[in-house]
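Thanks for sharing this one. Here are my notes, starting with the DNA and then moving to the contact between the chains.

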There are 2 protein chains.
Amino acid sequence: MQTEFTTLTLADQVEAKIISYIEDRGLKPGDTLPTEFELVNTFGVSRNVVREAMSRLRMLGLIQTRPKRGIIITEPPLLNGLKKVFNPNLFKLQTIKEMMGLRIALEVGISDFIFNNRTEKLIEELEQIVAQQKNISIDMLSVEDEMRFHTKIYEMAGNQFIIQLNEIIQPIFVFARQNYQSNFAPVNNQLRDSNEIITHEDLLCLIRENRKNDYREAIRTHLIPYWEFISNKTV
Amino acid sequence: MQTEFTTLTLADQVEAKIISYIEDRGLKPGDTLPTEFELVNTFGVSRNVVREAMSRLRMLGLIQTRPKRGIIITEPPLLNGLKKVFNPNLFKLQTIKEMMGLRIALEVGISDFIFNNRTEKLIEELEQIVAQQKNISIDMLSVEDEMRFHTKIYEMAGNQFIIQLNEIIQPIFVFARQNYQSNFAPVNNQLRDSNEIITHEDLLCLIRENRKNDYREAIRTHLIPYWEFISNKTV
DNA sequence: ATCGTTTTATTTGTCCTACAAATAGAACGA
DNA sequence: TCGTTCTATTTGTAGGACAAATAAAACGAT
């Protein structure tokens, strides 16, 4: 499992053993793990090593530690790790494109969820957002307005995990617009010329009128610029 | 940010500061961080604390450490953290349903990707998989056959991140079939009675014949049992 | 006897020192 | 100039010490 450039430290090993320990015994949130001293004895390593390993699991939200009480297993927030490493500066273009791809797939894929969860209140909130957005140039909204609209769409879908995932990967779009602006403009112009642009207003309208099938088609069209971005081999 | 039940340890604080340090300076993979001793001095904490924080970032794949060379920033594998905490035993039902939801959304959402990436080779591989699968009861495949088919579908979509995400959340379906089997049977029967079942053979056929629009509809139908599972409030 | 308070023992959080192991870079030599 | 050896630096691991928190036990008053 270990590649030739990484060495497996004792902390790595202890960490893996603890994770296995939890899985193998089918432990559940609320159950306790052995104390640091017991772990030191069973693994035959220094307390430092055990503490490094536990520190990692603690960060991931897999355990909680309290003096005297010991180490308690908790239901982990699933995206803690992703959130911490999500820094577009560190990503190569391929990764950025894959994030775009994920976003397209999710937003197309949640269409059914939206219409299943649709409430008057949510629609009104979406109307508010659409009403307040301003074009900064022709058919071009500010990043913030874009984010606000799409975030609300995810909210309507109602899946907390997907909502969080969207929140975490949002910065990718700010980043892409800042760094690859030129890649979006031509597609937009082309779409406008052929009168194919689907605006937020259009999407809102379809949601309000409960036109599920039309929405599924429309959201795909709306996302075409991103699709072009990830398909463009020359960027 | 700190809730009333969690205390922010020094390691938590140092970890956060290092992450900000990387973001604020716009550091990139290959760049180096200060040495442990320098961090000890700048933060005024013990080496232990610094090491706990770096140990976490190391685990996430954000940095690499080597004697004499110091601490080097790397492009982080995005799903390291999720992979480590992904243990269905620890999840409440709501979380399991959300994972199901994610899977449905993704699999519906990647339809366009599949037809964009479709190659003769991949189609043949999918044919192989479908040819080798065996019914364990009427219209019911083994978990392994299910996995093999859908994993190949994700592979056809070609998005590495989504492929990894699918690999990580796979255990949820094994888990759900083992623990909530009874929730799938009635839906399946109902679908069979109304002759609405879409099999893997049907999906393969649509892919082979390049019938993109039909596939988009078919995959939604194919996933109805899962949809019912997550919509069922009484489970 | 019960309830509230104090004490005690345990456990994690932090600091420190020491040494081993790896290695980048300098010094050296052919 | 190139390959080798040496040196200094840096991370990895060990172990000891004490502080802080707190669960559980002991205690005391009503």
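1. A residue is near a molecule or strand if one of its heavy atoms lies within 4 Å of it. Please keep in mind that this is a predicted model. There are 23 residues around DNA strand D, and those that come nearest are Leu10(A), Ser46(A), Arg47(B), Arg51(B) and Thr65(B).

2. On the DNA side, sugar or phosphate accounts for 64% of the atoms of strand D within 4 Å of the protein, and bases for the rest. Thr65(B) places a polar side-chain atom 2.9 Å from a phosphate oxygen of strand D, and a polar backbone atom of Glu36(B) is 3.1 Å from a phosphate oxygen. A base nitrogen is reached too: a polar side-chain atom of Arg47(A) lies 3.3 Å from it.

3. Which elements give two or more residues to the surface near strand D? Chain A offers α3 (47-60), while chain B offers α2 (36-43), α3 (47-60), β2 (63-66) and β3 (70-73). By class, this surface has 10 charged, seven nonpolar and six polar residues.

4. Turning to the protein chains, the contact takes 64 residues from chain A and 64 residues from chain B. About 5500 Å² is buried between them, with 58% given by carbon and sulfur atoms. Glu75(B), Leu78(B) and Leu90(B) supply 12% of the area that chain B buries against chain A.

5. Between chain A and chain B I find 12 salt bridges, including one between Arg220(A) and Asp112(B) at 2.7 Å, N to O. There are also 25 residue pairs in polar contact. On the side of chain B that touches chain A, α5(B) gives the largest share, 10 residues.

Terms used: Residues numbered from 1 in each chain as written. Chains lettered and ligands numbered in written order. Predicted model: local features only at pLDDT ≥ 70, side-chain atom pairs only at ≥ 80, totals over all residues. Heavy atoms only, no water. Polar contact = N/O pair within 3.5 Å; in protein donor to acceptor, adjacent residues only side chain to side chain. Helix = DSSP H or I, 4+ residues; strand = E, 2+ residues; numbered from the N terminus. Nonpolar A, V, L, I, M, F, W, Y, C, P; charged D, E, K, R; others polar. Contact = heavy atoms within 4.5 Å. Buried area = accessible area lost by both parts, 1.4 Å probe. Salt bridge = Lys/Arg side-chain N within 4 Å of Asp/Glu carboxyl O.
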